[in-house]
Amino acid sequence: MEAVSAKVLLKGLWAGAPAGLTITNVVTDSREVTPGCLFVAIKGERVDGHDFAAGAFENGAALVLASRPVEGLPPDRTVLVPDVLDAMIRMGANYRAQYSPLVLGVTGSVGKTSTKEFCAAIFSAFGETLKTEGNQNNEIGLPKTLFKMNDDTRYAVIEMGMQGPGEIRKLSFAAAPDGAIITRIGMMHLEQMGSLENILRAKLEVSEGIASGGVLILNGDDPLLRGAAVPQGLQVVYAGPENPENEVRAKNVRHEAHGLVFEIVDARYGNTEAFIPAVGRHNVGNALLAYTAATRFGLGAQQAAAALAAYLPAGARQKVETIREVTVIEDFYNAGPDSMAAALDTLGEMATGGRRIAVLGNMLELGAVSEEQHRRLGRLAQKAGVDLLLTVGDLAALAAEEAAKLGLKTLPCASNAEVAALLWEKTRPGDLLLLKASRGMKFEEILELFSEAPE
């Protein structure tokens, strides 16, 4: 963060900012306090930042932003607000307003982080690029990303997530993007949102922060996005590998040793061959969305397509590595029906000299459709040519039950440790192994145990 006037940073939040006071950083962890910073006291599920606010001030924080008075804090150094998280977003917006990079927002139920990484790979080929790191896509993480802007930032790719309606609207107004991508409307958060239509409306909130004339890139292969009523005054472009009506699509997709090669068919800029170091046809769609955003921002089509080769997957998202002569697809950052289906499709598409083995865990937050969607996984596993299906969790066991009806060999397991032990026993050199589950299933434990010698 560049040093900023407290009056600028706290505009609309606090009229009492001392003249001449400069803020050097904004932190939410008292262990990160440095002289001249602003400490934000956030009340979490387990820790209340207000309990550390006085200590933060003693250690050099210039100001403390809080939702209630704190003993030991001088009133003239306490910024009291009704909602600390809303104030965090407002500070992010105030800081972002000082700079003028091209900003792209990315949201969607599935694929937003991978699409963000494709965008960052392209924009980085044209200039200094800021991107959301990890899963910093909420009311805390997004402002923290905006605080990293400086005069050298030419492009910024800002991921936006949500837990409920209205959240993406706030994030979009803070980031003030020049354009946005919506990757797909899926069943993630269906339990909270109630319907796919409600999820669609929530994701479309990203368009509300875009100035008139900005660009909105939609996945034209998604029927809900294809039929969505989009705001007037924006340039709407549909992209996706399948729908022939898309302005940008793909053809001649083929697997190579380290990824996928395909031809970008762009109605505006012609055809260009591209390579992505990623597996799964869904990643072709993610790459197309990124290419489309970059070219509609005015960047060169040939250079944008070539830059897709610099993509690096974030976290445990379809990362492929070899362990004990077994090719392992690590895809356990998160999971919903759409991403599970895509992962199983990828498993079925990849060439292998051995068997296809899938380890699937519970998908969370699906509400009333949970049983139906877990049973569907069993059918998808059979369709993908899976030879052995292992599951962890009571819901994933339904997938095993359904797959067993279709003649697939299944092993429902009670724990990650049991899965790892079975993988040691059952896998052979040349096998292809998929690990896929919601983040809460902690499948990294399986990977760690499988990588080590068994006890």
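This briefing covers one helix, the cysteines and one helix pair. The model is predicted: local features need pLDDT of at least 70, side-chain atom pairs count only at pLDDT 80 or more, and totals for chains, interfaces and linings use all residues. Residues are numbered from 1 along each chain as its sequence is written, and side-chain values use heavy atoms, with hydrogens and water left out.

**Helix α3**
- Helix α3 covers residues 84-96 (helices are DSSP runs of H or I, at least four residues, numbered from the N terminus).
- Its 13 residues should span 18 Å at 1.5 Å a residue, and the end C-alpha atoms are 18 Å apart, which agrees. The expected span is 1.5 Å times one less than the number of residues.
- In α3, 10 of 13 residues are buried (under 20% relative accessible area, 1.4 Å probe, protein chains only).
- Among them are Val84, Ala87, Met88, Ile89 and Arg96.
- At the start of α3, a side-chain oxygen of aspartate 83 comes within 2.9 Å of the backbone nitrogen of leucine 85.

**Cysteines**
- The structure holds 0 disulfides (pairs of cysteine sulfur atoms within 2.5 Å).
- Cysteine 37 is buried, at 0% relative accessible area.
- Cysteine 413 also counts as buried, at 9% relative accessibility.

**Helices α12 and α13**
- The axes of α12 (residues 337-349) and α13 (residues 370-383) come within 10 Å and cross at roughly 10 degrees. Axes are lines fitted to C-alpha atoms over the stretch in contact, with angles from 0 to 180 degrees between N-to-C directions.
- That makes the two helices roughly parallel (angles under 35 degrees).
- Pro337, Met340, Ala341 and Leu344 of α12 make the contact (heavy atoms within 4.5 Å) with Gln373, Arg376, Leu377, Leu380 and Ala381 of α13.

How values were computed:
Buried means under 20% relative accessible area, exposed over 50%, partly exposed in between (1.4 Å probe, protein chains only). A polar contact is a pair of N or O atoms within 3.5 Å; within protein, one must be able to donate a hydrogen and the other to accept it, and residues adjacent in sequence count only if both atoms are side-chain atoms. Angles under 35 degrees count as roughly parallel, over 145 as roughly antiparallel, 65 to 115 as roughly perpendicular and the rest as oblique.
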